Amino acid sequence: MKYSALNLVRNAFSHNRNWKEAWRSPEPKKEYDVIIVGGGGHGLATAYYLAREHNVGNIAVLEKGWIGGGNTGRNTTIVRSNYLWTEASLLYEKSMQLWEGLSQDLNYNVMFSQRGVYNLGHTLQDMRDIERRVNANRLNGIDAEVVTAKQIKKDIPLINTSPDARYPILGASLQPRAGVARHDAVAWGFARAADQLGVDIIEQCEVTGVNRNGSTVTGVETTRGTIKAKKVGVVVAGNASVVASMAGLRLPIESHPLQAYVSEPLKPVLDTVVMSNAVHGYVSQSDKGELVIGAGIDAYNGYGQRGSFSTIEHAMQAILELFPMFSRVRMLRMWGGIVDVCPDACPIISKTPVDGLYFNCGWGTGGFKATPGSGWVFAHTIAEDRPHELNQPFNLQRFETGALIDEHGAAAVAH
Amino acid sequence: MFLIECPWCGERAETEFSYGGEGGITRPAEPDKLSDAEWANYLFMRTNPRGAHQELWNHAQGCRRWFGVERDTVTYHISRSYVLGDGVKD
């Protein structure tokens, strides 16, 4: 059923009893052309674009939990494309362009709100880096500007731009087209749209093994039985190393907990997104009025989906440094997701030494913004058995050749 | 927050320590003789297990010495911490 104003009215007359489920819950078939392991935003987007752009007919997405229960529903919803290096910025910009038409594409309101993202500079070196990045962005056709502390204060009245602050704000980069999107809606929208194209979304189905015949993948073992497949695309974020080890591969990835926090709802106080590398925190306000706050990862490896108290304290210090007024705001909830951090803070979207096995991982702390673009290039990689030109640099071989794409810190926020 | 037992100073809060990543990775004796793949394996590839993990910690705000810890990466339970090398406390 198409979502439209007409259907909204029609269903209102029947007391909203006749809405259909957004996607089916099919039993897994014995065999698929392509299996996507991981039903997060990236996996669902991959399945959607495989079906829509590459006419692959027989696709399954296997999700060990439920749709929207992993990192897709655990992030701080920020979308931007102001990365430093050309390889990264073109990939994230492709994603940004897909975001701009996504609600129409999916017939699902993902509440993409281009409210701008400010990346603050607190030192002379920060400002030099910001100017360099803004110039690099503009050369790649990405909107970016340098703004002064005075302009920041005008745009964001609550922010503390006093020169007496411990970390005074000297300026910022601003990407006006950046913003936020409703993360759950992104998962649900892609799931529904993929389902309508015939993709089987199988929840509560954990992959426990990768089957191979020599150096060719033949399918996966799951908690719901063996499923054969000609091609398997793995996009499981924090568990990438776990699935890789099932296939006998090693990845340059370490998994860390990353926390996010929301406050009690407030009246509108912040109509944009503010990120700071130096004090290391980022904040926006959701449509419900909650402040959505994120900060850094816990330093140690972890799969526990919870973070440490010292990290909470650090994040709150950062936010209060920027917005002293928030000291009286009470925090409601905190949670953790497991992020797969790569040595160069860039993803791996690549073929592997096993034929028919593809990996999309290593997004670290910044995967949400890339959801549609990641799916777009990963679908191409799987369907054509060769990378799209946008993800060619993000191959697994770069750790041997040394062609790393060093987005550490340069990507507007430390990872 | 968890407590970590420094072999020299005893149990202290996690915030006194800094994390040093996976333990037991030995620097190749003759790096010149490695292939690119072997060097990449040493430099970048990690076990990253879901479960028991051998790792390095430094008592950064204490005795500043490195030591080994065996910690579960799901429960975060630390089963032991130990002196590196020949295991002799200096």
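**Exercise 1. Around β14(A)**

Find which residue stands opposite Val283(A) in β15(A), and work out how β14(A) and β15(A) pair.

Step 1. Go to Val283(A) and look across to β15(A): the residue standing opposite is Ile293(A). The model you're looking at is predicted, so local features need pLDDT of at least 70 and side-chain atom pairs count only at pLDDT 80 or more, while totals for chains, interfaces and linings use all residues. Residues are numbered from 1 along each chain as its sequence is written, chains are lettered from A and ligands numbered from 1 in the order in which they are written, and side-chain values use heavy atoms, with hydrogens and water left out.

Step 2. Now the whole strands. β14(A) covers residues 281-285, and β15(A) covers residues 290-297. (Strands are DSSP E runs of at least two residues and helices are H or I runs of at least four, numbered from the N terminus.) They pair antiparallel over 4 bridges. (Pairing takes at least two DSSP bridges between the strands.)

Step 3. Check the link: β14(A) and β15(A) make a hairpin with 4 residues between them, and Gly289(A) in that turn has a positive phi of about 100°.

Step 4. Try the other neighbour. β13(A) is joined to β14(A) by 3 bridges, again antiparallel, and Val274(A) has Val283(A) as its bridge partner. This hairpin also has 4 residues between its strands, with His280(A) in the turn at a positive phi of about 60°.

**Exercise 2. Which way do the side chains go?**

Sort the residues of β14(A) by the way they point.

Step 1. Start from the general idea: side chains in a regular strand alternate between the sheet's two faces.

Step 2. Apply it. Gly281(A), Val283(A) and Gln285(A) point one way from β14(A), and Tyr282(A) and Ser284(A) point the other way.

Step 3. Ask about cover: 5 of the 5 residues of β14(A) are buried. (Buried is under 20% relative accessible area, exposed is over 50%, and partly exposed is in between, using a 1.4 Å probe and protein chains only.)

**Exercise 3. Two residues, one puzzle**

Why do Ser276(A) and Asn58(B) count as buried?

Step 1. Ser276(A) sits in β13(A), residues 273-276. Ser276(A) is buried because its relative accessible area is 0%.

Step 2. Look at what surrounds Ser276(A): setting aside residues up to four places away in sequence, it touches Leu120(A), His122(A), Gly281(A) and Leu322(A). (Touching, or contact, means heavy atoms within 4.5 Å.) Its side chain also reaches the backbone nitrogen of Ala278(A) at 3.5 Å.

Step 3. Asn58(B) belongs to β4 of chain B. Asn58(B) counts as buried because its relative accessible area is 9%.

Step 4. Leaving aside neighbours within four places in sequence, the contacts of Asn58(B) include Glu16(B), Phe17(B), Trp66(B) and Phe67(B).

**Exercise 4. Get to know chain B**

Describe the layout of chain B.

Step 1. Count the elements: chain B has 1 helix and 6 strands. Reading along the sequence gives β-β-β-α-β-β-β.

Step 2. Add the dimensions: the C-alpha atoms of chain B fill a box of roughly 40 × 35 × 20 Å along the principal axes.

Step 3. Of its 90 residues, 36% count as buried.

**Exercise 5. Where the chains meet**

How many residues does each chain bring to the contact?

Step 1. Chain B brings 24 residues and chain A brings 26.

Step 2. An interface's size is often given as the accessible area lost when the parts come together. Here the buried area is about 2,200 Å², with carbon and sulfur atoms giving 53%. (Buried area is the accessible area, with a 1.4 Å probe, that two parts lose on being put together, summed over both.)

Step 3. See which parts of chain B take part. β3 (18-22), α1 (36-43) and β4 (52-58) of chain B each give two or more residues to the side touching chain A. α1(B) gives the most, with 4 residues.

Step 4. Sort that side of chain B by type: 11 nonpolar, 7 polar and 6 charged residues. (Ala, Val, Leu, Ile, Met, Phe, Trp, Tyr, Cys and Pro count as nonpolar, Asp, Glu, Lys and Arg as charged, and the others, Gly among them, as polar.)

Notes: A polar contact is a pair of N or O atoms within 3.5 Å; within protein, one must be able to donate a hydrogen and the other to accept it, and residues adjacent in sequence count only if both atoms are side-chain atoms.
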